[in-house]
Amino acid sequence: QASAEFFEICMRESMELLRPLHREILSLRIQGHSVDEISELTHRSRRTVERSLQTSRGLLADALLNEE
């Protein structure tokens, strides 16, 4: 329970590091939307959504792994 809460706090803080578009796309993905749905909702190409998710994953992984 405590580690899940800690992880959620770290995720929230780390998401603040993302650009607004990346944050929006990642939030939609976390909510369960498909890449195609996100593409339609954000009026971005499928490839842009895929790249954004890839970039976000990398940035969040770095932020979470380097959390002291």
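Is R46 buried, partly exposed or exposed? R46 counts as partly exposed, at 41% relative accessibility. The legends below describe close-up views of a predicted model.

**View 1. Crossing of helix 3 and helix 4 in the predicted model.** The axes of the two helices come within 9 Å and cross at roughly 110°. Helix 3 is therefore roughly perpendicular to helix 4, since angles of 65 to 115 degrees are placed in that class. On the helix 3 side, the contact is made by V35, D36, I38, S39 and T42. On the helix 4 side, R46, V49, E50 and L53 take part. Sorted by class, the contact has 4 nonpolar, 2 polar and 3 charged residues. Helix 3 covers residues 35–42, and helix 4 covers residues 46–65.

**View 2. Surroundings of T42 in helix 3.** T42 has a relative accessibility of 10% and so counts as buried, the limit for that class being under 20%. A polar atom of the T42 side chain lies 2.7 Å from the backbone oxygen of I38. Leaving aside residues up to four places away in sequence, T42 touches E24, I25, L28 and V49. One of these, V49, is also listed among the helix 4 residues in the contact between helix 3 and helix 4.

**View 3. Salt bridge between D36 and R46.** Side chains of opposite charge can pair when their charged atoms come close. Here the side chains of D36 and R46 meet with an N to O distance of 2.7 Å. D36 lies in helix 3 and R46 in helix 4, so the salt bridge ties together parts that are 10 residues apart in sequence. D36 has a relative accessible area of 42% and is partly exposed. R46, at 41% relative accessibility, is likewise partly exposed. Both D36 and R46 belong to the contact between the two helices.

**View 4. Salt bridges of E50 within helix 4.** What are the salt-bridge partners of E50? One is R46, where the closest N and O atoms are 3.2 Å apart. Another is R47, whose side chain meets that of E50 at 3.7 Å, N to O. E50 and R46 are 4 residues apart in helix 4, about one turn of the helix. E50 and R47 are 3 residues apart in helix 4, again about one turn. At 27% relative accessibility, E50 counts as partly exposed. R47 is partly exposed as well, with a relative accessibility of 44%.

**View 5. The network of D36, R46, R47 and E50.** Salt bridges that share partners join these four residues into one network. A search of the whole structure finds 3 salt bridges. R46 pairs with D36 and with E50, while E50 also pairs with R47. The link between D36 and R46 runs from helix 3 to helix 4. The link between E50 and R47 stays inside helix 4, as does the link between E50 and R46.

**View 6. Q54 of helix 4 and L26.** Q54 is found in helix 4. At 51% relative accessibility, Q54 counts as exposed, because that class begins over 50%. Q54 and L26 are 28 residues apart in sequence. In space, their C-alpha atoms are 9.7 Å apart.

How values were computed. Residues numbered from 1 in each chain as written. Predicted model: local features only at pLDDT ≥ 70, side-chain atom pairs only at ≥ 80, totals over all residues. Heavy atoms only, no water. Buried < 20%, exposed > 50% of the residue type's maximum accessible area, 1.4 Å probe, protein only. Polar contact = N/O pair within 3.5 Å; in protein donor to acceptor, adjacent residues only side chain to side chain. Contact = heavy atoms within 4.5 Å. Axes fitted to C-alpha atoms, helices over the stretch in contact; angles between N-to-C directions. Parallel < 35°, antiparallel > 145°, perpendicular 65-115°, else oblique. Nonpolar A, V, L, I, M, F, W, Y, C, P; charged D, E, K, R; others polar.
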